[in-house]
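Subject: The structure I promised you

Hi there,

Here is the structure we talked about, with the sequence alongside. Have a look at it first, and then read on for what I found.

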Amino acid sequence: MSDAKKLAAEKAIDYVQDGMIVGVGTGSTVAYFIDALAAWKDRIAGAVSSSEQSTARLRAHGIEVLDLNATGPLPLYVDGADECDRHKRLIKGGGAALTREKIIAEASERFVCIIDPSKQVEVLGRFPLPVEVIPMARSLVAREILRMTGGQPVWRDGVITDNGNWILDVHNLAITDPVALERELNQIPGVVSVGLFARRPADVVIVGGQPPQVL
Ligand code: 5RP
């Protein structure tokens, strides 16, 4: 599987252009992308990072990490996913970086998602849906999600996000209308963000393989 991740990540370099500021996601697939981006470090204007983990890896390669407030809109965002359907709608947040990932995806003109074939699904929801919550709202949000969806929220105990918040993973969902569910869960007070990327899906999906498949 790591071969497939690496092949997808390396193919995403095709979308990098001279002078660009590149949005960079989080996770093991993105780690391969950052390693490949290192060869471009003198040709790009820098990167905007979605996590402390990716920031450390970018800096270790000598790639400058910039503040999104200073860059304005980005031409390109490259990130992985936990699940991807045929409409390029995603579940993300397995690495707990969903909120910053969503912000960068929203700020970007083109979102290139890099996955291995195991991430492709007919219906989103087999992977437990991550929801970032303000700590004091954890049980309130969990009760509300159970009531609204019937899914089982499980606290990712011991994990604190880069924003100082907690994660609920919602099990046993079959998400037939991801746009509506994303909108509804976003309304619950205490929800910071939902790991459904349906309102703003990926623009391009690269599935790692020999050769990589570009969707
Ligand atoms: C992090 C994410 C990752 O993109 C997702 O978990 C996939 O990770 P990996 O590339 O390690 O399989 O959303 O919050």
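Here is a question to start with: which residues does S193 touch, not counting residues up to four places away in sequence? The list is L98, T99, K102, V131, E132 and N186. Before I go further, please keep in mind that this is a predicted model.

**Around S193 and T99**

S193 sits in strand β10, while T99 belongs to helix α5. Their side chains are joined by a polar contact of 2.5 Å. With a relative accessibility of 5%, S193 falls under the 20% cut-off and therefore counts as buried. T99 is buried too, at 11% relative accessibility. Leaving out residues up to four places away in sequence, T99 touches E132, N163, V192 and S193. E132 thus turns up among the contacts of S193 and among those of T99.

**The protein as a whole**

Stepping back, the secondary structure consists of 7 helices and 13 strands. The protein has a radius of gyration of 17 Å, close to the 17 Å that the globule rule gives for 215 residues, so it is as compact as a globular protein of that length. Along the principal axes, the C-alpha atoms fill a box of roughly 50 × 35 × 30 Å.

Of the 215 residues, 53% are buried. The accessible surface of the protein is about 9,700 Å², and carbon and sulfur atoms account for 50% of it. If you take the contacts between residues at least 6 apart in sequence, 73% of them join residues at least 24 apart.

**The ligand**

There is also a ligand in the model, and 17 residues lie around it. Those that come nearest are S28, T29, D82, G93 and K119. The shell is made up of 3 nonpolar, 8 polar and 6 charged residues.

Some individual atom pairs are worth finding on your screen. T29 places a polar side-chain atom 2.6 Å from an oxygen atom of the ligand. At G95, a backbone N or O atom is 3.2 Å from a ligand oxygen atom, and at G80 a polar backbone atom lies 3.3 Å from an oxygen atom of the ligand. On its own the ligand would expose 380 Å², and the protein buries 91% of that.

**Two helices to look at**

T29 leads us to helix α2, which spans residues 28-37. Is this helix largely enclosed or largely open? Since 7 of its 10 residues are buried, α2 is largely enclosed by the rest of the structure. The buried ones are T29, V30, A31, F33, I34, A36 and L37. Their cover includes α1, β1, α3 (52-60), β3 (74-79) and β6 (108-115).

The other helix is α7, residues 178-186. Its buried residues are P178, A180, L181, E182 and L185. Among the elements that cover them are α5 (98-107), β7 (129-133), α6 (138-149), β10 (191-194) and β11 (196-197). You will recognise α5 as the helix of T99 and β10 as the strand of S193.

**Loops and backbone details**

Q17 is in the loop between α1 (2-11) and β1 (21-24). Not counting residues up to four places away in sequence, Q17 touches W40 and I44. Q17 and L76 are 59 residues apart in sequence, yet their C-alpha atoms are 9.3 Å apart in space.

A few spots in the backbone also caught my eye. Most residues other than glycine have a negative phi, and most peptide bonds are trans. K88, in the loop between β4 (83-84) and β5 (90-91), has a positive phi near 65 degrees. A96 has a positive phi as well, near 70 degrees, and lies in the loop between β5 and α5. At 11% relative accessibility, A96 counts as buried.

Finally, which peptide bond is cis, with omega near 5 degrees? That is the bond from Q210 to P211. P211 is placed in the loop between β12 (204-207) and β13 (213-214).

Enjoy exploring the structure!

Best wishes

Definitions and conventions: Residues numbered from 1 in each chain as written. Predicted model: local features only at pLDDT ≥ 70, side-chain atom pairs only at ≥ 80, totals over all residues. Heavy atoms only, no water. Near = heavy atom within 4 Å. Polar contact = N/O pair within 3.5 Å; in protein donor to acceptor, adjacent residues only side chain to side chain. Areas by Shrake-Rupley, 256 points an atom, 1.4 Å probe, with all protein chains shown as cover. Nonpolar A, V, L, I, M, F, W, Y, C, P; charged D, E, K, R; others polar. Helix = DSSP H or I, 4+ residues; strand = E, 2+ residues; numbered from the N terminus. Rg over C-alpha atoms; globule rule 2.2 N^0.38 Å. Buried < 20%, exposed > 50% of the residue type's maximum accessible area, 1.4 Å probe, protein only. Contact = heavy atoms within 4.5 Å.
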